[in-house]
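Trainee: Hey, got a minute? I'd like to go through this model with you, and I'm still shaky on the terms.

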Amino acid sequence: MAQYTRVAGSVGLITLQNPPVNALSAMVRQGIVDTMERALSAPEVKSLVICGQKETFCGGADIREFGTKMSGPPLIPLIHAIEASTKPVVAAIEGVALGGGLELALGCHYRISHSKAKLGLPEVTLGLLPAAAGSQRLPRLIGVPAALDLITTGRHVTAAEALQLGIVDQVTDHSTVDAAVKFALSVA
Ligand SMILES: CC/C=C/CC(=O)SCCNC(=O)CCNC(=O)[C@H](O)C(C)(C)COP(=O)(O)OP(=O)(O)OC[C@H]1O[C@@H](n2cnc3c(N)ncnc32)[C@H](O)[C@@H]1OP(=O)(O)O
């Protein structure tokens with residue numbers, strides 16, 4: 001699921017909750033849809049931050065749901081709704097942003113990463129390609145050659161490399177959520 005709180009007066013904070021890596025289960029996807037709707041309809045909320053609980057952003061598709069019947073809202077329109085939000089949305093990336101987790105972050109307008117975070121699109125290692133528009137958003141963000149490298153190797157990049165490539169906007173050694181909230185206030 002996803003928890004919604006309001007912080008710093010005008011920032012809606014959405015926290016993904018699905019231990020151990022906040023994978024995008026049906027309940028998490030539904031939670032994102034519900035909390036986004038709540039934040040977008042609240043006039044006092046001017047910007048949003050999406051983070052994961054327990055210092056990890058999101059490990060992608062929930063491997064525990066592989067081989068089960070698809071349920072809950074699909075990821076593609078959910079990420080599109082985030083991208084289309086009239087209120088700026090900032091991803092606060094700690095731990096990992098992998099697969100669908102990075103695709104979710106790519107749909108946000110800004111990404112703030114902890115210095116120890118790892119980001120990547122490892123779908124190829126599972127015989128898949130990024131299917132929630134990561135294969136379009138990543139090249140738009142960092143150019144085709146760099147995006148093709150990440151998509152075809154599935155390698156994880158450090159926060160420092162992600163900053164240098166342009167995947168993230170800022171890297172912090174301190175609280176990523178605090179940095180993302182400060183950033184969200186500055187772009188509201
Ligand atoms: C919905 C749209 C589809 C998009 C495509 C995808 O997202 S494909 C999936 C992409 N994600 C991955 O491939 C991530 C796979 N996981 C890892 O690479 C690693 O587990 C990790 C996240 C880097 C963490 O590595 P670490 O060495 O720290 O720990 P473990 O490997 O031992 O994992 C700890 C526990 O976390 C569970 N887990 C990991 N990933 C997932 C996941 N995606 N969904 C659900 N659970 C996940 C893992 O099973 C371990 O659980 P235990 O109960 O402790 O065994």
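Mentor: Sure, one term to begin with: two strands pair if DSSP finds at least two bridges between them. Helices (H or I, at least four residues) and strands (E, at least two) are DSSP runs, numbered from the N terminus. Keep in mind that this is a predicted model, where local features need pLDDT of at least 70, side-chain atom pairs count only at pLDDT 80 or more, and totals for chains, interfaces and linings use all residues. Residues are numbered from 1 along each chain as its sequence is written, and side-chain values use heavy atoms, with hydrogens and water left out.

Trainee: OK, so which residue in β4 is the bridge partner of isoleucine 50?

Mentor: Alanine 91. Strands β3 (residues 47–52) and β4 (residues 89–93) run parallel, and three bridges join them.

Trainee: What's the strand order in the whole sheet?

Mentor: The order is β1-β2-β3-β4-β6-β9, in an open sheet of six strands with mixed pairing. β1 (2–7) and β9 (170–172) stand at the edges with a single partner strand each, so one side of each has no neighbour in the sheet. On average, neighbouring strands here are turned by 20° against each other, direction ignored. Axes are lines fitted to C-alpha atoms, for helices over the stretch in contact, and angles run from 0 to 180 degrees between N-to-C directions.

Trainee: And in what sense do β1 and β2 pair?

Mentor: Antiparallel, over six bridges. Tyrosine 4 stands opposite isoleucine 14 in β2. The hairpin of β1 and β2 has three residues between the strands, and alanine 8 takes a positive phi near 50° there.

Trainee: Which strands does helix α1 lie across?

Mentor: Helix α1 (residues 26–40) lies across β1, β2 (11–16), β3 and β4, at about 25° to β1. Helix α7 (residues 176–187) lies across β1, β2, β3, β4, β6 (110–114) and β9, and runs at about 155° to β6.

Trainee: Switching topic: where is serine 10, and is it buried or exposed?

Mentor: Serine 10 is in the loop between β1 and β2. With a relative accessible area of 16%, serine 10 is buried. Buried means under 20% relative accessible area, exposed over 50%, and partly exposed in between (1.4 Å probe, protein chains only).

Trainee: What does serine 10 touch?

Mentor: Leaving out residues up to four places away in sequence, serine 10 touches Glu44, Val45, Lys46, Ser47 and Leu185. Contact means heavy atoms within 4.5 Å.

Trainee: What about threonine 56, where is that found?

Mentor: Threonine 56 is in the loop between β3 and α2 (75–83). Threonine 56 also counts as buried, at 9% relative accessibility. Among the residues it touches, not counting those up to four places away in sequence, are Pro20, Asn22 and Val96. A polar atom of its side chain lies 3.3 Å from the backbone nitrogen of valine 96.

Trainee: How far is threonine 56 from serine 175?

Mentor: Their C-alpha atoms are separated by 12 Å, though the two are 119 residues apart along the chain.

Trainee: Last one: how many helices and strands are there in the protein?

Mentor: Seven helices and nine strands. Buried residues make up 53% of the 188 residues.

Note on methods:
A polar contact is a pair of N or O atoms within 3.5 Å; within protein, one must be able to donate a hydrogen and the other to accept it, and residues adjacent in sequence count only if both atoms are side-chain atoms.
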